[in-house]
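Visitor: Please take one sheet and walk me through it closely. Strand by strand, if you can.

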Amino acid sequence: MPRTVPSAVPNAQSNGISSAASHPANETRATRQFFYERLGLSDRLLERCLSEALSAGGDYADLYFEYVTASSLGLDESLVKSASQGISAGCGIRVVSGERTGYAYTDDLSADRLLRAARTAAYIANGPAKQPIAGFTESVAPSLYPIAGSSVDAEVSAKLELLQRADRAARAYDARIVQVRASFADELRRILVVASDGSFAADTQPMARCNVFVIAKDGENTTRGSSGGGGRVMMNFFLTEKTPEYFAVEAARQAVLQLSAVPAPAGEMEVVLGPGWPGILLHEAVGHGLEADFNRKKTSAFAGLIGQMVASPKVTVVDNGVMPNRRGSLNVDDEGSPTQETVLIENGVLKGYLSDKLSARLMGIADTGNGRRESYQHIPMPRMTNTYMLSGEDAPEDIVRSVKRGLYAVNFGGGQVDITNGKFVFSASEAYLIEDGKITAPVKNATLIGNGPEALKYVSMVGNDLALDEGVGTCGKAGQSVPVGVGMPTIKLDKMTVGGTGN
Amino acid sequence: MNTTETRSANTSVTQAATSNAALRAPSSIDQEFVAEIVTRAMRAGASDAEAVYADGDEFEVEVRMGEVETLKESGSRALGLRVFIGQRTASTSTSDLSEEGIERLVSGAVALAAVTSEDPFVGLPEKESFGAIPGDLELFHEDVYSLPAQERIEYARRAEAAALAYDPRIANSKGGSFGASTGRKILANSRGFVGEYRTSYCSIAAQPIAQAPDGAMQRDYWYTDARSLRLLGSPEAVGQEAARRALRRLGARKVKTQRVPLVFAPEIAPSILSEVLHAVNGDAVYRNASFLAGKLGETIAAANITIVDDGTVPGRFGTKPFDGEGLPTRRTMVLERGVLQSYLLNTYTARKLNLHSTGNASRGLAGTPGIGAGNFYLEPGTETQQQILAAIPSGLYVTELLGHGGNIVTGDYSCGASGLWIENGELAYPVEEITIAGNMKEMLHNIAAIGSDLIFYGSVACPTIRIDGMTIAGE
């Protein structure tokens, strides 16, 4: 199946958009113009498709147009071994009737094919034809990520230079670094969403990411290290804020550190999580469990817990889709609704869910602008954006000092959750023993496991050092991947199970 | 919702079935069309080129609590192109098959190749190595789309209903589903290879939720899938097995941190075997990023372990007539009686390692070919699962893994798990919120028993196995 292709060197067609001023209304107009002029859409055609979608009744219909250009470059063994670019375009048409959803998509955007897809989606309903609201109301969105200066407009040579700098920096870090791979991937995603309720939204969403992966070897001992970051950022980000050297040194440092790692301990103990990416704890432990669809169907361990204490009073967690330039941010979600900041847990009390249009309507709650989808081939559902815990009052060094024997985990690989029984895991890729209040030996990779509605009750200290991740998160749900962000200050959990092999 | 409405939903969906043919990807694209892309790339300056075309249709219905929840039906298609200019290479892909889209696919690839480095190992396979397995590999059965839409919905509904009816403690559900899909792939290159094959797939699944009197919930799932409707299990069997699995998790508890034998059920054992699959992947091997790099010919596992990759078995999920570069698939002995015999390689990684491709190139639309398994399995032993369990006074029968805890570079393994505690050779009570950990290098030597129950749920299959010496972390 064709998907959004990891690739995308700037093509001529992106230039027209990038010249638009960063005023939001102008960007929306430029995106809309792209779909109308390049892909032949018109108000008339969109209205016809919506009418067709509601021709068998149905409460609601929407059309989601997407046009993605993507590119990637890979440096491996100091050679530019891979370069690719791709284009993926299509339209997904949805009809909602009660709790039922009909969905069809097409990658052929001719009027004939669009109308056919609309008819297919329409069959979910069964009743007299309905008419969509006449005319569209364009939603005015903020501009969280200016398009001008995005990396898709940069020269390929400029991106290759980033990779070569990363390669040199990683090799220079330590003679034991024997393999370096660096990659740069970016995309420009244009969307246009129109619905039978008259809503109309268009957005152009840039995304860029630089990654470095290294292997360190010392005798028979081989280890790996990786680092990366980016977001909805401009090319300049990689030249001034997070340089390729920054990612390269970080990857190399991790790999070299692992050469001297001891087995991770096994069993329940005090765990201190460092700031930033360890916020994946929140994403797994509470975030997924608070997505409205699971709670509407009462399949989440958090169902019915609104207003109850689900965490220590020191814990406040938000999901925030309106942070400038962040990987998880969106001007509008994939249903065309404005994104927002939503409080999930306030001082330990469960406050609310993350919702899309369908769940909002069926549950009688507000749409929080969290309706997202992987591509035009997918039905939207409630998803996180940037999810993080607010800072507390403790100094990070006091938190470590308070631990007699435990684990200090600062970097993680992925995580996973079973939202029905609440059990979640996340895998530490950089962690240390804490002995008598001091950070001592680095330990090997270990998985941490806990129970979502319980784990955060054991948070006894919250640092004053909130940090967000570097911009690497991709979240999977029901087979759909979307970019997300996480963040957290340093925190201490009085009890968590660490899955090592040591004593 | 009342029954009248239910029935009307079904009726309306019947019409969707008739529409299906109209939505399917047009069949106007043939081998000639794909070969022409190669010719155009050569004309544009490529010294070699390879084009791949893929199209597919999908149908899926999800039923929840007896009502249709989603119904999805569509088709799509796309093209990928890889070009070589001397020892440089680049690739492009597009879903825009208009003349303009194809022109950009071709010119983009040729322009992009200029920015890449010369790499002496890059290039298409040698001409004499191309080919395809002859005969019908039973990968495509038209019957996956033969059911009337109402019956498709009934399959999903029956699977869920069987789960809900199984026990009063099954009171909620994440639904039942029926899915069908077909796909077609055409590969052509400038050294004369052109090949094409079609695949079909259908499945029925159920995901019930069991609830204990104290309100605690457990979900589980079961499914049946096949390349032909004829080979699918019954929806009722799927629903009942899913319910049985969810119910047996109720009342799960944590256990103490300890070292005991672990038994992996055949539905979960492939996850362990996949660690070996990743470790014999030529990409990881030539980079020294695998704990099995440099170990060819060495004993790396117990003498009872034989692992095979076979992409030629008719009808299986990992079977293909040719790989992603146009080489015939084959049977490769990966591990024989504990001795590492072969890695899985494509052309590039084979050249890097001074070996020959094993016909394991996998090709998406974009990027350079990777490596994929055919049907990758551990040869079965002679013991039944019951016999394996009976020999264990105290241990864990693992039924689910949570997370991705394998580190292929070091072999370290640590993963969340749940399962059933083994007491005096019998399954005693459910266990959850624990981790299991070890190192693959030792785990492969510590496979103390292998079951006779090899079942191909997917393209990686492993019978029941017992592994000693791993650590359970719990209370």
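Guide: Two strands count as paired if DSSP finds at least two bridges between them. The model is predicted. With that cut-off, strand β10 (residues 307-310) of chain B pairs with β11(B). The sense is antiparallel, over 4 bridges. Within this pair, B:Val308 stands opposite B:Met333 in β11(B).

Now follow β11 of chain B, which spans residues 331-336. Its link to β12(B) consists of 2 bridges, and these two strands also run antiparallel. Here B:Leu335 faces its counterpart B:Leu340, in β12(B). The two strands form a hairpin, with 2 residues between β11(B) and β12(B). B:Arg337 lies in that turn and has a positive phi of about 45°.

Step back to the whole sheet. It is open, has 5 strands and follows the order β12-β11-β10-β15-β20 in chain B. The pairing is mixed. Why do β12 and β20 of chain B each have one side without a neighbour in the sheet? Both stand at the edges, β12 at 339-340 and β20 at 460-461. Each has a single partner strand, so one side of each is left without a neighbour in the sheet.

One general point helps when viewing strands. In a regular strand the side chains alternate between the two faces of the sheet.

For a helix in chain B, turn to α6, residues 269-279. Of its 11 residues, 9 are buried, so α6(B) is largely enclosed by the rest of the structure. Among them are B:Ile272, B:Leu273, B:Val276 and B:Leu277. B:Ser274 and B:Glu275 are buried too.

Conventions. Residues numbered from 1 in each chain as written. Chains lettered and ligands numbered in written order. Predicted model: local features only at pLDDT ≥ 70, side-chain atom pairs only at ≥ 80, totals over all residues. Heavy atoms only, no water. Buried < 20%, exposed > 50% of the residue type's maximum accessible area, 1.4 Å probe, protein only.
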